[in-house]
Structure formats: structure tokens, C-alpha cells
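Colleague: I should like to learn how to read the features of a protein model. Please take me through them in turn, with the general idea before the case.

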Amino acid sequence: AHLTWATSPRSALLTGRHRLRLANPSALAQETDGPEEDAGLVGRGLSPPSASSQIVSFALPVLGACLAEPLLSMIDTLCVGRLTAGGASASLAALGVNAAIFNVVACSTAFLCTASTSVIGSLPPAAAVSTAVISSLPPAAAAAAPPYPPPPAGAARAFSDGVFLSLVIGLAIGLVIQLSCGPLLSRFYHLEPGTPVFHLACTYLRIRAMATPAATVTLVSAGVAFGLGDARTPLLAVVAAMLVNLAGDLLLIPRLGLAGAPLAT
């Protein structure tokens with residue numbers, strides 16, 4: 001079940017499986033993409049998936065992972081509107097301004113995910129196993145092959161460099177938001193200083209800005225996973241974040257008001 005369908009780096013990216021490492025890289029020359037490959041799979045009792053099903057199985061989890069920021073803001077909006085005891089209108093107004101700000105931050109830092117995917121995907125892959133090589137393996141050797149071999153050489157260094165860069169960018173963005181919270185809300189979003197909405201918006205903004213480094217590191221981590229062909233892990237991370245955010249909102253917003261929403265996020 002762990003043998004990949006891929007016979008090229010392109011198709012390996014779509015399968016979401018790590019490619020098996022060959023002791024003899026020259027076996028790559030034996031790769032085929034045609035009837036011979038399909039015949040080998042059918043002969044082993046397997047049927048190759050269609051290209052469209054491979055694309056859909058990879059694209060849908062990627063889409064879900066990319067919706068993390070809007071989904072977290074949507075959960076906050078729902079919980080603030082339902083759970084805030086009095087002053088819900090002011091809280092929702094302040095939350096709407098902050099949702100717009102952090103959507104801009106998310107769009108401005110999305111290049112971290114794209115760049116990480118491109119860098120990891122361009123690394124020399126572990127040699128893909130051709131149909132001819134798989135068919136020639138005895139059952140014992142095939143069973144002894146590790147299902148998930150190490151990622152391509154250089155992936156760990158690329159990941160560490162990306163995490164460092166994302167931390168620097170996240171800290172810089174968070175610091176700028178902390179220092180310019182008041183002018184940002186008054187000049188760009190026309191909130192009057194001293195009003196309840198301004199105070200609530202500033203509180204939310206400063207609390208959530210502290211998580212900006214974590215958000216940028218998450219973008220790099222998702223990009224590396226996409227580059228390795230793993231779209232499921234980022235999707236599971238988004239689902240876990242949504243559940244934790246929802247539980248935190250339900251617990252904190254009735255006690256702390258709007259300030260509980262960024263703490264949960």
C-alpha cells in the first residue's frame with residue numbers, strides 16, 4: 001500500500017507519497033509513461049489512478065489549508081456575535097477591522113508558502129521507482145523497503161532557512177503592528193481614538209500581533225509539506241487549529257469579551 005504510483009518527480013508531487021530511494025540511480029533511465037507501465041501495474045493486481053483524480057486528491061487539501069486565515073476569522077466573528085455579553089455591535093465592528101488587517105498580512109506573506117514549495121519541489125528527488133524495477137523486486141525485498149524514506153537531500157537545510165526567514169519577517173510585522181497600532185487604526189481605518197470601538201480594536205490587534213511569527217512559520221511549514229507532495233498534513237493542521245480556536249472562543253469570550261478571541265486564535 002505504501003508503494004508510490006509515481007514514475008517521475010511531477011507525478012510524485014501529485015500523489016502525496018515520498019518516492020523510494022534506489023541504490024542504483026541509473027534505474028531512472030528505465031522509467032516509462034505508457035501502456036507498458038499500466039500493464040505492469042495491472043499484472044500486479046493494481047490499477048493506476050487517473051490524472052484528474054490525482055490532481056483533485058492533491059488540490060482539495062491544498063485549498064483547505066489555504067483557507068486557514070478566513071476560517072479562523074469566521075469562527076471569531078460567529079463566537080463574538082453570539083457570546084459577547086453586551087456591546088456586541090462594538091466588538092463586531094472592532095473585529096471586522098482586524099479581520100481586514102490580518103487578511104492583508106496573510107496575503108502579503110503568502111509568498112513564504114509559495115517559495116518554500118518551489119524550493120523543495122526543485123530539489124533533486126529521491127530516485128523514483130519505475131514499473132520495471134518494482135516488477136523485478138522479489139516480494140521479500142519489496143516488503144522490506146522503508147515506506148517513507150528520507151526527503152530529498154537539502155530539504156532539511158531549506159526548511160531551516162525558511163523557518164529562520166519567516167521568524168524574522170513575522171517578528172518584524174508584529175513589532176510594526178505593536179508600535180503603530182493607534183495610527184494604523186485611526187489613519188487607515190478612520191476609527192476615532194477614545195471610542196469603544198477603537199479601544200476594542202487596539203486590544204485585539206495587539207494580542208493577535210504576538211502570534212504573527214507563528215503564522216509565518218506555519219506558512220513555510222505548509223509550503224515544505226506541499227513541496228514534498230504531502231497535502232494532508234497541512235489540512236489536518238488547519239482542522240486542528242479550527243477546533244482549538246473554537247474551543248478557546250467558547251471558553252474565553254464569555255469571560256474576557258473580545259480579548260478572548262485573539263487569545264484563542
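The dialogue that follows goes from the overall fold to helix pairs and single residues.

Modeller: This is a predicted model, in which local features need pLDDT of at least 70 and side-chain atom pairs count only at pLDDT 80 or more, while totals for chains, interfaces and linings use all residues. Residues are numbered from 1 along each chain as its sequence is written, and side-chain values use heavy atoms, with hydrogens and water left out.

Colleague: How many helices and strands does the secondary structure of the protein come to?

Modeller: Helices (H or I, at least four residues) and strands (E, at least two) are DSSP runs, numbered from the N terminus. Here there are 14 helices and 0 strands.

Colleague: What share of the residues of the protein count as buried?

Modeller: A residue is buried under 20% relative accessible area, exposed over 50%, and partly exposed in between (1.4 Å probe, protein chains only). Of the 265 residues, 37% count as buried. As for contacts (heavy atoms within 4.5 Å), those with a separation of 6 or more come to 81% from residues 24 or more positions apart.

Colleague: How does one read a helix pair, and at what angle do the axes of H10 and H11 cross?

Modeller: Axes are lines fitted to C-alpha atoms, for helices over the stretch in contact, and angles run from 0 to 180 degrees between N-to-C directions. Angles under 35 degrees count as roughly parallel, over 145 as roughly antiparallel, 65 to 115 as roughly perpendicular and the rest as oblique. The axes of H10 (residues 181–188) and H11 (residues 196–209) come within 10 Å and cross at roughly 130°, so the two helices are oblique to each other.

Colleague: Is the crossing of H10 and H11 left-handed or right-handed, and which residues meet there?

Modeller: A crossing is left-handed if the near helix is turned anticlockwise from the far one by less than a right angle, and right-handed if clockwise. The crossing of H10 and H11 is right-handed. Cys181, Gly182, Leu184, Leu185 and Ser186 in H10 meet Phe198, Ala201, Cys202, Leu205 and Arg206 in H11. By class, this contact of H10 with H11 has 7 nonpolar, 2 polar and 1 charged residues; Ala, Val, Leu, Ile, Met, Phe, Trp, Tyr, Cys and Pro count as nonpolar, Asp, Glu, Lys and Arg as charged, and the others, Gly among them, as polar.

Colleague: Which residues of H10 are buried, and what do they pack against?

Modeller: Cys181, Gly182, Leu184 and Leu185 are the buried residues of H10, and they pack against H5 (88–108), H9 and H11.

Colleague: What is the sign of phi at His190, which follows H10?

Modeller: His190 has a positive phi of about 55° although it is not a glycine. His190 lies in the loop between H10 and H11 and is exposed, with a relative accessible area of 67%.

Colleague: How many salt bridges does a search of the whole structure find?

Modeller: A salt bridge is a side-chain nitrogen of Lys or Arg within 4 Å of a carboxyl oxygen of Asp or Glu. The search finds 1 salt bridge; the side chains of Asp161 and Arg157 meet in a salt bridge at 3.2 Å, N to O.

Colleague: Why can residues a few places apart in a helix point the same way?

Modeller: An α-helix has 3.6 residues a turn, so residues three or four places apart point the same way. Asp161 and Arg157 are 4 residues apart in H9 (residues 155–179), and are therefore separated by about one helical turn. Asp161 is partly exposed at 41% relative accessibility, whereas Arg157 is exposed at 57%.

Colleague: Where is Val168, and how far is Val168 from Pro213 in space?

Modeller: Val168 is also placed in H9. Val168 and Pro213 are 45 residues apart in sequence and 7.6 Å apart in space, C-alpha to C-alpha.

Colleague: How are H4 and H13 arranged relative to each other?

Modeller: The axes of H4 (residues 68–83) and H13 come within 10 Å and cross at roughly 20°, so H4 and H13 are roughly parallel to each other. Their crossing is right-handed. By class, the contact of H4 with H13 has 14 nonpolar, 1 polar and 2 charged residues.

Colleague: Is Asn245 in H13 buried or exposed?

Modeller: Asn245 lies in H13 and is buried, with a relative accessible area of 1%. Leaving aside neighbours within four places in sequence, Asn245 is in contact with Leu72, Ile75, Asp76, Ala261, Ala264 and Thr265.
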